[in-house]
Amino acid sequence: MTGPRHDLWVFGYGSLMWRPGFDPLEAVRARLTGYSRRLCVTSVHHRGSALRPGLVLGLDRGGVCQGVAYRVAAADAAGVLVYLRAREQVNGVYREALVPIEIEGERHEIVQAVTYLVERAHPSYSGRLPLVIQARIIRGARGLSGVNVDYVINTLAHMAAMGIRERELERLLVVLGAFFSRDDGEGFVSARAEVLRRASVGSGLLSGYQRRMRPEQRRRFVYRQKIS
């Protein structure tokens, strides 16, 4: 797959859809069967902090997920994998896997793609929280990659542009409130989200939903840096 004569396919379902961080040969809509896109991972790095965790997407078992398949030139494959591992596997909550995805449209072919599946045994796995709880976590969180609200807004905006509908995520936007914007997604932090963050930060709401990792737990997950 990653050898010199073969291109690499990468399946993106969250922020990779709108900020891949690498230059692919092509980007096409694709479908993964057997996994669903869910806000089921508490983030203490990219979209939250240890004191105020955020909530980000993971591929959880069951259902179907539509996203973007990127084809990466064979010569760039190794470098892209290094980049993805540094980005996606900060604390081991995602497991790198090779999965069959279906390229949608007239092309209609099955390819093997690298993606990142959520580890249910990891302390950062939050499961399927009620929408009101998800909204409370997201509204006050911010991490190294920006405000948590904007992560949700940008993902939903790009899904809509691709014609992908997911009712639960759309209902979450209703709960989050009127600061959802349907702009073109330029810039990763909206003024509305920042105002709401300032109003919410320090409230202490739901801080207990992020389980602390003991050193032995961290070692258990961090080693998973290659495809299984």
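**Helices, strands and a shared core**

Helix H3, spanning residues 148-161, is 14 residues long and stretches 20 Å from its first C-alpha to its last, close to the 20 Å expected at 1.5 Å a residue. This helix belongs to a predicted model, and H3 turns out to be mostly covered, with eleven of its 14 residues buried. The buried set starts with Asn148, Val149, Asp150, Tyr151 and Val152. It carries on through Ile153, Asn154, Thr155, Leu156 and Ala157, and Met159 is in it too. Just past the end of H3 comes glycine 163, with a positive phi of about 80°.

Zooming out, the protein chain holds six helices and seven strands. Read from the N terminus, its elements follow the order β-β-β-α-β-β-α-β-β-α-α-α-α. Out of 228 residues in the protein chain, 52% count as buried. The accessible surface adds up to about 11000 Å², and carbon and sulfur atoms account for 53% of that. There is also plenty of long-range contact: take the contacts between residues at least 6 apart in sequence, and 77% of them join residues at least 24 apart.

Now for the strands. Strand E2 (residues 26-43) pairs with E3 in the antiparallel sense, and 16 bridges link the two. One spot to look for in this pairing is serine 43, which sits opposite glycine 54 of E3. E2 also pairs with strand E4 (residues 94-103), again in the antiparallel sense, this time over two bridges. Here alanine 30 stands across from isoleucine 103 of E4.

Isoleucine 103 is worth a stop of its own. Its relative accessible area is 1%, and because anything under 20% is called buried, this residue counts as buried. Leaving out neighbours within four places in sequence, isoleucine 103 is in contact with Trp9, Val28, Arg29, Ala30, Ala69, His108, Glu109 and Val111. Leucine 32 lies 71 residues away from isoleucine 103 along the chain, yet their C-alpha atoms are separated by 9.2 Å.

What about the nonpolar core? In soluble globular proteins, nonpolar side chains tend to be buried together. The largest nonpolar core in this model has 58 residues, and the two that touch the most other members are Phe11 and Ile101. Strand E3 (residues 54-72) is the top contributor to this core, giving nine residues. As for isoleucine 101, its contacts beyond four places in sequence include Phe11, Ala30, Arg31, Leu32 and Ala69. Glu109, Ile110, Val111 and Ala113 are also touched by isoleucine 101.

The last stop is helix H4 (residues 167-176), where the buried residues are Leu169, Leu172, Leu173 and Leu176. Looking down the axis of H4, these buried residues fall within an arc of 105°, so they line one face of the helix. Over on the other side of H4, Arg167 and Val174 are exposed. And what do the buried residues of H4 pack against? Their partners are E2, E3, helix H2 (131-139) and H3, the helix that opened this section. Just after H4, glycine 177 takes a positive phi of about 115°.

Key:
Residues are numbered from 1 along each chain as its sequence is written. This is a predicted model: local features need pLDDT of at least 70, side-chain atom pairs count only at pLDDT 80 or more; totals for chains, interfaces and linings use all residues. Side-chain values use heavy atoms; hydrogens and water are left out. A nonpolar core is a set of buried Ala, Val, Leu, Ile, Met, Phe, Trp, Tyr and Cys residues joined through side-chain atoms within 4.5 Å. Buried means under 20% relative accessible area, exposed over 50%, partly exposed in between (1.4 Å probe, protein chains only). Helices (H or I, at least four residues) and strands (E, at least two) are DSSP runs, numbered from the N terminus. Contact means heavy atoms within 4.5 Å. The expected span of a helix is 1.5 Å times one less than its number of residues. Two strands pair if DSSP finds at least two bridges between them. The arc is that of the directions from the helix axis to the C-beta atoms. Accessible areas come from the Shrake-Rupley method with a 1.4 Å probe; for residues, only the protein chains shown count as cover.
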